[in-house]
Every structure is written in C-alpha cells, then in structure tokens.
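Ready to practise reading a protein model step by step? Have a look at the molecule below, then work through the exercises at your own pace.

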Amino acid sequence: MIYPTIQELTKGKYNRYELAIATAKGARVITDEYVRQRAAAESAVGGNKDNDKPVANMIDKKLKDEKAVKISIDKIGSGEFVIFEEKENAELQAVEE
C-alpha cells in the first residue's frame with residue numbers, strides 16, 4: 001500500500017493530475033539538489049574518482065538512497081512542499097523555514 005494515500009495528499013482540494021504534476025516538480029527539485037551535492041563533493045575530493053567512498057559519504061543519505069518521487073511524495077505529505085493554485089495551474093512551492 002502506498003502511504004500517504006492520494007486522498008490524504010490532495011485533501012479534497014486538488015485532483016490526481018495536479019498532484020502528479022506537483023510530485024514531478026518536487027522530484028525535479030530533489031534531483032537538482034542531489035546533482036548539486038554530488039558536484040560539490042567531487043570538487044571537494046579534488047577530482048580523484050578512484051576513491052568514490054568519500055564522495056558518497058558527503059551526499060545526504062536520503063537523497064542518494066531513496067527515489068526522488070518517493071521523497072517528493074513524503075515532503076508533500078508532511079507539508080514541506082505545498083501545492084498552491086496560480087490561476088489555472090497547480091504549482092509546487094517549498095515551505096521556507
């Protein structure tokens with residue numbers, strides 16, 4: 001079973017299409033963060049690709065171990081990513097702390 005459910009994620013405000021678009025946009029944000037962290041870790045090591053373990057340790061464990069879509073769904077469910085409607089299109093916005 002998938003948790004959280006679609007009903008819990010949409011809260012009756014959004015349809016499945018809007019949720020799918022928001023999840024995809026969130027996954028893109030997460031993927032971009034992973035790529036940024038990976039590039040920063042590789043440049044910190046000095047470009048020595050023979051020893052990959054320190055690079056892997058410098059990247060956030062959740063970003064490297066879980067799928068971006070799953071992380072995005074979890075963040076929408078927890079309220080860290082918020083879906084808001086701007087005219088006719090649903091958008092995803094990260095909640096700033």
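**Exercise 1. Find a pair one turn apart in a helix.**
Work out how glutamate 42 and arginine 38 are placed relative to each other in helix H2.

*Solution.*
Step 1: Before we start, note that this is a predicted model, where local features need pLDDT of at least 70, side-chain atom pairs count only at pLDDT 80 or more, and totals for chains, interfaces and linings use all residues. Residues are numbered from 1 along each chain as its sequence is written, and side-chain values use heavy atoms, with hydrogens and water left out.
Step 2: Glutamate 42 and arginine 38 both sit in helix H2 with their positions 4 residues apart, about one turn of the helix. Helices (H or I, at least four residues) and strands (E, at least two) are DSSP runs, numbered from the N terminus.
Step 3: The two residues form a salt bridge, with the closest N and O atoms 3.0 Å apart. The term means a side-chain nitrogen of Lys or Arg within 4 Å of a carboxyl oxygen of Asp or Glu.
Step 4: Glutamate 42 is partly exposed at 30% relative accessibility, and arginine 38 is partly exposed at 23%. Buried means under 20% relative accessible area, exposed over 50%, and partly exposed in between (1.4 Å probe, protein chains only).

**Exercise 2. Look for other salt bridges.**
How many salt bridges does the rule give?

*Solution.*
Step 1: The count comes to 6 salt bridges.
Step 2: One of them joins the side chains of arginine 28 and aspartate 32, at 3.6 Å from N to O. These residues are 4 apart in helix H2 (residues 16–45), so about one helical turn separates them. Aspartate 32 is partly exposed, at 40% relative accessibility.
Step 3: Another salt bridge links glutamate 80 with lysine 75, whose closest N and O atoms are 3.1 Å apart. Glutamate 80 is partly exposed too, at 32% relative accessibility.
Step 4: Here is the general idea: side chains of opposite charge can pair when their charged atoms come close.

**Exercise 3. Check the length of helix H2.**
Compare the expected span of H2 with the distance between its end C-alpha atoms.

*Solution.*
Step 1: The expected span is 1.5 Å times one less than the number of residues.
Step 2: For the 30 residues of H2 this gives 44 Å, and the end C-alpha atoms are 43 Å apart, which agrees.
Step 3: Now look at the start of the helix, where asparagine 15 caps the N-terminal end of H2 with a side-chain oxygen 3.0 Å from the backbone nitrogen of tyrosine 17.

**Exercise 4. Explore a residue in helix H5.**
Is serine 72 buried or exposed?

*Solution.*
Step 1: Serine 72 lies in helix H5.
Step 2: With a relative accessible area of 0%, serine 72 is buried.
Step 3: Beyond its neighbours within four places in sequence, serine 72 is in contact (heavy atoms within 4.5 Å) with residues including Ala22, Thr23, Gly26, Ala27 and Ile30.
Step 4: Ala22, Thr23, Gly26, Ala27 and Ile30 are among the buried residues of H2.

**Exercise 5. Judge the confidence.**
Which element of the chain has the lowest mean pLDDT?

*Solution.*
Step 1: pLDDT is the predictor's confidence in each residue, from 0 to 100.
Step 2: The chain has 5 helices and 2 strands, in the order α-α-α-α-α-β-β.
Step 3: Strand S2 (residues 89–94) has the lowest mean, 59, while helix H5 (residues 68–78) has the highest, 90.
Step 4: Over the chain the mean is 79, and 76% of residues reach 70 or more.
Step 5: Where pLDDT is low, the predicted coordinates should not be read in detail.

Notes:
Polar contact = N/O pair within 3.5 Å; in protein donor to acceptor, adjacent residues only side chain to side chain.
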